[in-house]
Amino acid sequence: MSADTAADAEEGFLAGLTRAEQGVLAFVAALLAALGIGLVTGGLGPTYVLYLIGLVGMYVLLSFGLNAQWGYTGLINFSVAAFFGLGAYGTAILTADNSPIAGGLSPVLGLFVGLALAALLAVIIGIPTLRLRADYLAIASLGLAEVVRLIVLNEREYTNGSAGLRGIPGFFEGWPLLSTFPQAMPGLRIEIVPGSPIVLQQPFYQALLNVGLVFVFVGVTFLLLRRVHRSPWGRVLRTIRGDEDLAEALGKNTYAFKMQSFVLGSVIMALAGVFYAHLNLFVSPGDFEPINTFYVWIAVILGGSGSNRGAMFGGFVVIAIREGTRFLNGIDFIAFDIGPLRLLAVGLIIILVMRFRPEGVLPPQRELIWPSALDEADVPGPEEAQRPHATEGGDAS
């Protein structure tokens, strides 16, 4: 492909995006550029940059899970941290060195145990609440994360209590080739900016494996949710969210559909917890803090309820706020601690979004249309759609 052809393709791609999509793309590019600048100037280590990318993927998975419940079906779940923690502890109890129960088992086995625990808890919570209106699920889930946290904190003979579980292996421990990949790779020293070398050693390659893992988790989950969102099953969920009485009048078993959606979302949240355990190599009851649930709700509302692309964008925003405020504290002319103001920043962002984009930055409308249907219908692009239409027998006004 020639340079002119590539430039034309890039220009055509950008022209096909809405203004909001272009803004989101610019935000993500700016965030990645900031990480790149910090990397080449020595302000950020390469392993830490990959760790941040892994955290973005973790929040994207959490947002996907909440989106499947709230965005698709209208189920209000205030216990995202509980399902996240079950996934993390499910795998940590089986694989961590100081686990009081097991330890040393395969992370793949831990993955399935973490997901199974989340699915079981979702069914236990869903049975008494999903036959009622969504308000009751909100009430039931409001304190669930705290209940789970207190159980983990006090059942020391099973969870190690406040000491947490440490010595969790990487996810690919015991796998052929991948388990020895970090040790087999040679150390590298790259110097782009004189005096600020980038040193790639074993922890970098271990972090690279983690990033690859979360990319796989996010990619598979995104394709799955996109498929089901456009399917007849997804249409029933949207009908339930819009008017549950109408769905029942059409003969749909709304209880069964809501249970399926609730379990699906909870399992995806637990998947994020499993990844976090093998990324951080340590879990503790502090991982159940309600602030994590708050961040995920922010990501979904900001991106657009029901929008998987919006959930991905929300993950970037959450990490930009959560981790960006840490770096602001290092700026000399700022004489006060920025960290406590991050919740204020989140509140301001929510107010601005609700004021100017109440449906979210990336609403789900375009996700619900098959690309082939757009081609067959010859739907105009965003720019053409924004042009004023010509009146019959007269000029455009």
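How much accessible surface does the protein have, and what share of it belongs to carbon and sulfur atoms? The accessible surface comes to about 19,800 Å², and 65% of this belongs to carbon and sulfur atoms. Accessible areas were computed by the Shrake-Rupley method with a 1.4 Å probe, and for residues only the protein chains shown count as cover.

The structure is a predicted model, in which local features need pLDDT of at least 70, side-chain atom pairs count only at pLDDT 80 or more, and totals for chains, interfaces and linings use all residues. Residues are numbered from 1 along each chain as its sequence is written, and side-chain values use heavy atoms, with hydrogens and water left out. The mean pLDDT (the predictor's confidence in each residue, from 0 to 100) is 82, and 84% of the residues reach 70 or more. Among the elements, α13 has the highest mean pLDDT, 94, and helix α18 (residues 382–386) the lowest, 47. Over residues 381–397 the pLDDT is below 50.

The protein contains 18 helices and 4 strands, taken as DSSP runs (H or I, at least four residues, for helices; E, at least two, for strands) and numbered from the N terminus. Of its 397 residues, 45% count as buried, where buried means under 20% relative accessible area, exposed over 50%, and partly exposed in between (1.4 Å probe, protein chains only).

The largest nonpolar core (buried Ala, Val, Leu, Ile, Met, Phe, Trp, Tyr and Cys residues joined through side-chain atoms within 4.5 Å) has 95 residues, and M58, L62, F64 and V283 have the most contacts inside it. Helix α13, residues 254–280, gives the most to this core, with 15 residues. A separate core of 7 residues includes L200, Y205, A207 and V211.

Contact is defined as heavy atoms within 4.5 Å. Leaving aside neighbours within four places in sequence, L62 is in contact with V80, F84, M269, A272 and V296. I319 is found in helix α15 and counts as buried because its relative accessibility is 6%. With the same neighbours left aside, I319 is in contact with L52, L55, V56, Y59 and G324. The C-alpha atoms of I319 and I53 are 8.9 Å apart, although 266 residues separate the two in sequence.

On the surface, L341, L344, L348 and I351 form a nonpolar patch with about 380 Å² of accessible area together. Patches comprise residues with over 30% relative accessible area and no salt bridge; like charges are joined within 9 Å and nonpolar side chains (Val, Leu, Ile, Met, Phe, Trp, Tyr) within 5 Å. A salt bridge is a side-chain nitrogen of Lys or Arg within 4 Å of a carboxyl oxygen of Asp or Glu. L341 lies in the loop between α15 (308–328) and α16 (342–356) and is partly exposed, at 37% relative accessible area.
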